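Please open the model in a viewer and keep the sequence panel at hand. The tour below proceeds by selection, with a description after each stop.

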Amino acid sequence: MLFPEGVTIDGLTGAVTPATGRYVKKLSALRDLYERPEQVDAYIAAHGDVDAYDVIEYRPDGSDICFGTTIMYPGRIGREYFLTRGHFHAKTDRGEIYYTQSGEGVLLLHSRSGETRSVAMTPGVCAFIPPEWAHRSVNTGPEKLVFVWMCGIDAGHDYGEVATRGMRDLVVEQDGRPAIVANPKYRV
Ligand SMILES: [Fe+2]
């Protein structure tokens, strides 16, 4: 039997108390998502294989819903920024919510039919991610980007399509500020 519980989320650090799990994504694991992977190699040669982002989960066994935080570290790779892998949901009729707590970033999305959208990730913005939209978060600021995610526990991740084809758009630094441009390497 499941019991109610109050879970504390620190919007600055992303700490979830109590949490049921956690994983860390190293920059090297994201190498081939960048338009110029050799720039990731150069970054790692200079700074080490740093943590790109952490995910902390509250995922109770037997529940239909779950939530947690993603803590994205700041960094630049060429004209791009630190980013998450990006995914569709394995269960295709499942959406998600991203509620930004601190920092600044961009949520990039594209639909299976090819439409593109973005949502600014600033504290207080709660992004609605409908089913059938691939989503990737990009930390465009100088501080950590911390957001709370909430979704069906069975939503799952389909990373394959984004890993193979890329996201349709990129967030890049242009004239000192983030801009959204078409991904020249997107594979239709
Ligand atoms: Fe998701």
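How many residues lie between β14 and β15 in their hairpin, and which residue in the turn has a positive phi? Before selecting anything, please note that this is a predicted model.

**First stop: the hairpin**

Select residues 169–174, which form strand β14, together with residues 177–182, which form strand β15. The two strands of this hairpin are separated by two residues. In the turn, D175 has a positive phi of about 55 degrees. The pairing of β14 with β15 is antiparallel and runs over six bridges. To see one pair of facing positions, display E173 and P178: E173 stands opposite P178 in β15.

**Second stop: the iron ion**

Next, select the iron ion and show the side chains of H87, H89, E96 and H135. These residues are the protein donors: the three histidines act through NE2 and E96 through OE, at 2.0 to 2.3 Å from the ion. Along the sequence, the donor residues follow the spacing H-x1-H-x6-E-x38-H. The angles among the four donor atoms extend from 83 to 165 degrees, and the site is irregular. Four donors are called tetrahedral if all angles lie between 85 and 135 degrees. For comparison, the ideal angle for four tetrahedral donors is 109.5 degrees. Are H87 and E96 buried or exposed? Both H87 and E96 are buried.

**Third stop: strand β13 and its partners**

Select residues 145–152, strand β13. Why is β13 described as largely enclosed by the rest of the structure? Seven of its eight residues are buried, so the remainder of the structure largely encloses the strand. Now add β5, which pairs with β13 in the antiparallel sense over eight bridges. Within this pairing, M72 stands opposite L145 in β13. Then add β8, whose antiparallel pairing with β13 runs over six bridges. Here the iron donor E96 reappears, standing opposite C151 in β13.

**Fourth stop: the largest pocket**

Keep β13 displayed and turn to the largest pocket, with a volume of about 260 Å³. It is lined by 23 residues, of which Y23, H87, Y98, H157 and Y159 are the closest to its centre. Two or more lining residues come from each of β4 (51–58), β5 (65–72), β8 (96–102) and β13 (145–152). The largest contribution is that of β13, with four residues. Coloured by class, the lining shows eleven nonpolar, eight polar and four charged residues.

**Fifth stop: the second largest pocket**

The second largest pocket has a volume of about 210 Å³. Select D32, L33, Y34, G166 and K185, which are the closest to its centre among the 16 residues of the lining. Then highlight residues 160–165, helix α2, which supplies the largest share of this lining, four residues. By class, the lining divides into seven nonpolar, three polar and six charged residues.

**Last stop: the open sheet**

Finally, select the five strands of an open sheet, in the order β6-β7-β12-β9-β10, with antiparallel pairing. Its edge strands are β6 (76–77) and β10 (116–121), each pairing on one side only. Within the sheet, β7 (residues 80–83) and β12 (residues 133–139) pair over two bridges. Display L83 to find its bridge partner in β12, V138. The iron donor H135 can be located by its number within β12, residues 133–139.

How values were computed
Residues are numbered from 1 along each chain as its sequence is written. This is a predicted model: local features need pLDDT of at least 70, side-chain atom pairs count only at pLDDT 80 or more; totals for chains, interfaces and linings use all residues. Side-chain values use heavy atoms; hydrogens and water are left out. Donors are N, O and S atoms within 2.8 Å of the metal (3.2 Å for Na, K and Ca); water is not among the atoms, so sites may look incomplete. Four donors count as tetrahedral if all angles lie between 85 and 135 degrees; four count as square planar and six as octahedral if opposite donors are over 155 degrees apart and all others between 65 and 115; anything else is irregular. Buried means under 20% relative accessible area, exposed over 50%, partly exposed in between (1.4 Å probe, protein chains only). Two strands pair if DSSP finds at least two bridges between them. On a 1 Å grid over the protein atoms alone, a cavity is a set of points where a 1.4 Å probe fits but cannot get out, and a pocket is an open set with protein on both sides within 12 Å along at least five of seven lines; lining residues have an atom within 4 Å of a point. Grid points are joined across faces, edges and corners, and a volume is the space filled by probe spheres set on the points. Ala, Val, Leu, Ile, Met, Phe, Trp, Tyr, Cys and Pro count as nonpolar, Asp, Glu, Lys and Arg as charged, and the others, Gly among them, as polar.
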